[in-house]
Amino acid sequence: MKFKMAELADEIFNRTFEREIECKNGTLRIQQAEVGDESCVVWDAALVLAKYIQTDHFCSTDGLINRRVIELGAGTGVVGLIAAACGAHVCCTDLPSVVPLIESNRQINQHLITGSFTANSLKWGQDVSTFQPTPGIILVADCIYYEESLFPLVVTLCDLSDANTTVLICYEERTTGNKPLLEKKFHELVREHFTVKEIPEEHQDPVYHSPDIHLLRLTKKDVKL
């Protein structure tokens with residue numbers, strides 16, 4: 001299994017191309033893979049979320065400067081990198097096989113980072129003590145894929161947050177296969193522990209928004225798992 005994962009990682013890094021994405025401080029150059037799974041490309045929901053955290057509707061006068069941010073299921077790391085370029089102290093997390101891609105994108109864009117940026121592995125549902133203290137912001141983009149991952153994701157959201165944490169979840173609505181049922185189940189799980197508000201399109205980036213992409217703001221309730 002380790003050998004196969006190493007082969008997959010080599011294949012991903014041997015077949016990548018760069019995508020340029022504008023942010024307030026310049027142009028990010030993001031490596032994404034020509035082959036691979038959902039972790040290896042920049043999804044539309046990630047761009048919607050990345051652009052939203054730069055808007056006046058989300059940012060205060062000081063914006064993201066010195067805010068502590070954790071991104072879950074970061075994939076290419078584009079959302080976290082934009083937050084770091086805006087002055088946040090960011091930890092991007094994903095499975096161990098994905099972390100090298102995030103780290104590669106950090107190196108390419110290091111000159112744009114005005115806060116700080118690290119990449120670490122984190123499997124949802126497992127211990128999060130190394131990621132404490134509680135971050136001010138948690139970012140999640142397009143992570144509603146597999147039924148078996150929904151409960152662990154909610155567990156991790158609960159473990160990483162408190163009542164003062166802003167959780168932003170952005171996902172594209174999908175109508176094929178079991179995706180509508182997965183989205184319904186995710187909402188049921190997350191609403192047991194969080195107050196959920198959908199951010200209207202008029203409060204999002206004027207270009208990067210879509211009726212098929214939902215942007216949610218979560219606040220933790222005083223309820224334990």
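Colleague: Where in this predicted model does Asp205 lie?

Modeller: In this predicted model, Asp205 lies in the loop that runs between β8 (194–198) and β9 (213–220).

Colleague: Asp205 is buried, so why is it said to have no salt bridge?

Modeller: The nearest side chain of opposite charge is that of Lys51, 5.7 Å away, and because a salt bridge requires a side-chain nitrogen of Lys or Arg within 4 Å of a carboxyl oxygen, Asp205 is left without one.

Colleague: What makes Lys51 a contact of Asp205?

Modeller: Contact asks for heavy atoms within 4.5 Å, and, once the neighbours within four places in sequence are set aside, Asp205 is in contact with Lys51 and Thr55.

Colleague: Which backbone nitrogen lies 2.8 Å from a polar atom of the Asp205 side chain, and what makes that a polar contact?

Modeller: The nitrogen belongs to the backbone of Tyr208, and the distance of 2.8 Å falls within the 3.5 Å allowed for a pair of N or O atoms.

Colleague: How many salt bridges does a search of the whole structure find?

Modeller: That search finds five salt bridges.

Colleague: What makes the pair of Glu18 and Arg29 a salt bridge?

Modeller: Their closest N and O atoms are 3.0 Å apart, within the 4 Å cut-off, so the pair of Glu18 and Arg29 counts as a salt bridge. This pair links distant parts of the chain, with Glu18 in strand β1 (residues 16–23) and Arg29 in strand β2 (residues 26–33), eleven residues apart.

Colleague: Why are Glu18 and Arg29 called partly exposed?

Modeller: Glu18 has a relative accessible area of 38% and Arg29 one of 34%; partly exposed covers what is in between under 20% and over 50%, so both residues receive that name.

Colleague: Why does Arg106 count as buried, whereas Glu103 counts as partly exposed?

Modeller: Arg106 is at 18% relative accessibility, and buried means under 20%, while Glu103, at 24%, counts as partly exposed. The two form a salt bridge with closest N and O atoms 2.5 Å apart, and both lie in helix α4 (residues 99–108), three residues apart, about one turn of the helix.

Colleague: How do you know that Arg174 and Glu172 form a salt bridge?

Modeller: Their closest N and O atoms are 3.8 Å apart, which is still within 4 Å, so the pair qualifies. Salt bridges that share partners join Asp142, Glu172 and Arg174 into one network.

Colleague: Is Arg174 buried or exposed?

Modeller: Arg174 is buried, because its relative accessible area is 17%, under the 20% limit.

Note on methods:
Residues are numbered from 1 along each chain as its sequence is written. This is a predicted model: local features need pLDDT of at least 70, side-chain atom pairs count only at pLDDT 80 or more; totals for chains, interfaces and linings use all residues. Side-chain values use heavy atoms; hydrogens and water are left out. Helices (H or I, at least four residues) and strands (E, at least two) are DSSP runs, numbered from the N terminus. Buried means under 20% relative accessible area, exposed over 50%, partly exposed in between (1.4 Å probe, protein chains only). Lys and Arg count as positive and Asp and Glu as negative; His and the chain ends are not counted. A polar contact is a pair of N or O atoms within 3.5 Å; within protein, one must be able to donate a hydrogen and the other to accept it, and residues adjacent in sequence count only if both atoms are side-chain atoms.
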